[in-house]
Amino acid sequence: MWSTEYSTETDLAPETVWTALRDWSTGVVPPANGDRHELHGEFAVGSTIASSPEGLGIVLETTIVTLTENEVFEAETPFNGLILLNHYSLRRLADGGTHITHKLVIGGDAADEMGPTVGPRISEDYPESMEDLLAVARKL
């Protein structure tokens, strides 16, 4: 297994960040990085999201595995024998703002070997992606 995470805080309420995360992750609002997402079904556990990362020319099938409104969103994506788990958690701060964590966990048979190579490439834009997410939230 290999993992990394990025966290930040905002003055926006978890409900606002959650709405932006839902819309951003399902293609209602396209991410600024050019990736495309298309939700198949409801925003619920078991539904899938077709993701087309910018510049890769592939479509990845992601499955929502955990969903606790305004708190946790997890989605799993099989990729070249690996299982990529993207985990977002939102925690309300005392001032009403939100602590947001985006964690990537890479599992599967080759995770120990491939994770240190693949993981940093996937997660290198997490700070920029978080700013993109918060920009969407600020417009709500």
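A pocket is an open set of points, on a 1 Å grid over the protein atoms alone, where a 1.4 Å probe fits and where protein lies on both sides within 12 Å along at least five of seven lines; its lining residues have an atom within 4 Å of a point. The model shown in these views is predicted, so that local features need pLDDT of at least 70 and side-chain atom pairs count only at pLDDT 80 or more, whereas totals for chains, interfaces and linings use all residues. Residues are numbered from 1 along each chain as its sequence is written, and side-chain values use heavy atoms, with hydrogens and water left out.

**View 1. The largest pocket and the residues nearest its centre.** The largest pocket has a volume (the space filled by probe spheres set on grid points, which are joined across faces, edges and corners) of about 940 Å³. Its lining is made up of 31 residues, and those that lie nearest the centre are Asp35, His37, Pro53, Asn86 and Ile122. Helices (H or I, at least four residues) and strands (E, at least two) are DSSP runs, numbered from the N terminus. Among the elements that each supply at least two residues of this lining are helix 1 (14–25), helix 2 (111–123) and helix 3 (126–138), together with strand 3 (48–52), strand 4 (60–68), strand 5 (72–79) and strand 6 (82–92).

**View 2. The open sheet and its two edges.** Seven strands, where a pair needs at least two DSSP bridges, form an open sheet of order 1-7-6-5-4-3-2 with antiparallel pairing. Strand 1 (2–10) and strand 2 (36–40) stand at the edges with a single partner strand each, so one side of each is left without a neighbour in the sheet. From one strand to the next, the twist averages 20° (axes are lines fitted to C-alpha atoms, for helices over the stretch in contact, and angles run from 0 to 180 degrees between N-to-C directions). At the strand 2 edge, strand 2 and strand 3 pair in the antiparallel sense over 5 bridges, and among the paired residues are His40 and its bridge partner in strand 3, Thr48.

**View 3. Helix 1 and helix 3 against the sheet.** Helix 1 packs on the sheet and touches (heavy atoms within 4.5 Å) strand 1, strand 2, strand 3, strand 4, strand 5, strand 6 and strand 7 (98–107). The direction of helix 1 makes about 155° with that of strand 6. Helix 3 also packs on the sheet, where it touches strand 1, strand 6 and strand 7, and its direction makes about 40° with that of strand 1.

**View 4. The hairpin of strand 4 and strand 5, with Asn70 in its turn.** Strand 4 and strand 5 pair in the antiparallel sense over 5 bridges, with Leu67 standing opposite Phe73 of strand 5. The two strands form a hairpin with 3 residues between them. Asn70 is placed in the loop between strand 4 and strand 5, and this residue has a positive phi of about 70° although it is not a glycine.

**View 5. The hairpin of strand 5 and strand 6, with Asn80 in its turn.** The antiparallel pairing of strand 5 and strand 6 runs over 8 bridges; one of the pairs links Pro78 to Ile83 in strand 6, and another links Glu76 to Leu85 in strand 6. Between the strands of this hairpin there are 2 residues. Asn80, found in the loop between strand 5 and strand 6, has a positive phi of about 50° although it is not a glycine.

**View 6. The hairpin of strand 6 and strand 7, with Gly96.** Strand 6 and strand 7 run antiparallel and are joined by 10 bridges, including the one between Leu84 and Ile106, its partner in strand 7. This hairpin has 5 residues between the strands, and in it Gly96 takes a positive phi near 95°.

**View 7. Confidence along the chain.** The protein chain has a mean pLDDT (the predictor's confidence in each residue, from 0 to 100) of 94, with 100% of its residues reaching 70 or more. Confidence is lowest in strand 2, at a mean of 92, and highest in strand 7, at 98.
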